[in-house]
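Let's walk through this model together, starting from one annotated span and working towards the spaces between the helices. Keep the 3D view open as you read.

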Amino acid sequence: MLALSLGKSAVYAIVNLIDKWTQAPLSGQTTTLNPALDDRQYFDLMYQLLDIGFALIPVLLVLHLVWIRGRNPFRTFGLDFRRPGRDVGLGIGLFLAIGLGTLAVYAAGRAAGVTTAIVGSALNEYWWTTPVLLFSALRHGLLEEIIVVAWLFDRIGYLQQRRAGLEPSRPGSEGGLRTWASGAVVPLHPAAVLVGCAVLRGAYHLYQGVGPGVGNLLMGLVFGAVYLRYRRVMPLVIAHFLLDAAGFVAYPLLAAAGLFGT
């Protein structure tokens, strides 16, 4: 699964960082998060939507794999609307806390010369530009939080328990897999899973420079801890969507304020 999605992205991001670093100082380079894909308006729109749609295929595959093994993936991962108030409140809280931290890490990385200038969007201004940027933000929220947190915590937990000799055919019973009430498998060594997944998150952001890699590693530690505490991925998806939506749609305002692209 990782080879089809974010694991592949991590490998490319590391190679891309080395490539950039050996060409010129990172401080003099620019990374565009949402580039135009065609000069013609409606072909650009089609390419943008295709890019978003195909990027979500690994998410659908994860949900399918969980479903065919007899579990409801939405309930298992807490990707539902059973607790909207708490999910939204927690998501907004994470957005505010991580957002401020992201700006601080970005500024520090720029000052240290180890982070490229980030351009949130280079799309031309069309009627569809803002909706596409919001869809792009949702794409990142779903892809990263479902795969790097919900699925990977569950999968590694399963492998840890199988290695410990626990029986998958008797979940919740003596000698069987240990699961939460939602049905997600409990990691036997949560700290190791937390750190490993956070490192992966940081790695696939290294194409932006060292600063965003470190910042996303820290974000991964916070998001993973929140998931272990509340056992729901929905607040993480909400927070991630808000973070990217602010960075993409509000990019011109942030750049004018000197927060990005400088």
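Over residues 45-67 the chain is 96% helix and 0% strand, with its end C-alpha atoms 33 Å apart. Helices here are DSSP runs of H or I with at least four residues, strands are runs of E with at least two, and both are numbered from the N terminus. Bear in mind that this is a predicted model: local features need pLDDT of at least 70, side-chain atom pairs count only at pLDDT 80 or more, and totals for chains, interfaces and linings use all residues. Residues are numbered from 1 along each chain as its sequence is written, and side-chain values use heavy atoms, with hydrogens and water left out.

The span 45-67 is one of those that the unreviewed UniProt entry annotates as "transmembrane region"; the others are 88-108, 128-153, 180-204, 210-230 and 237-260. Those positions follow the numbering used here, feature names are shortened, and annotations may be inferred rather than shown by experiment. Take 180-204: that span is 56% helix and 0% strand, and its end C-alpha atoms lie 29 Å apart.

Now go to helix 8 (210-230). At 1.5 Å a residue, its 21 residues should span 30 Å, and the end C-alpha atoms are indeed 30 Å apart; the expected span is 1.5 Å times one less than the number of residues. Its buried residues include Gly 211, Pro 212, Gly 213, Gly 215 and Asn 216, and further along Gly 220, Phe 223 and Gly 224. Buried means under 20% relative accessible area, exposed means over 50%, and partly exposed is in between (1.4 Å probe, protein chains only). What covers the buried residues of helix 8 includes helix 4 (73-76), helix 5 (84-112), helix 6, helix 7 and helix 9 (234-249). Just after helix 8 comes Arg 231, with a positive phi near 60°.

From helix 5, look at Val 105. Leaving aside neighbours within four places in sequence, Val 105 is in contact (heavy atoms within 4.5 Å) with Gly 211 and Gly 215. Val 105 counts as partly exposed because its relative accessibility is 23%.

What about helix 9? Since 12 of its 16 residues are buried, helix 9 is largely enclosed by the rest of the structure. Among those buried are His 240 and Asp 244. The end C-alpha atoms of helix 9 are 22 Å apart, which agrees with the 22 Å expected for 16 residues at 1.5 Å each.

On to the empty space. A search of the whole structure finds 1 cavity of 30 Å³ or more, and the largest cavity holds about 30 Å³. On a 1 Å grid over the protein atoms alone, a cavity is a set of points where a 1.4 Å probe fits but cannot get out, a pocket is an open set with protein on both sides within 12 Å along at least five of seven lines, and lining residues have an atom within 4 Å of a point. Helix 6 (129-163), helix 7 (190-203) and helix 8 each supply at least two residues of the cavity lining, with the largest share, 4 residues, coming from helix 7. Arg 201, Gly 220 and Gly 224 are among the lining residues.

Finally, the second largest pocket has about 380 Å³ of space. Of its 14 lining residues, Arg 69, Arg 71, Asp 154, Arg 155 and Tyr 158 lie nearest its centre. Helix 6 gives the most to this lining, with 4 residues.

Conventions: Points joined across faces, edges and corners; volume = space filled by probe spheres on them.
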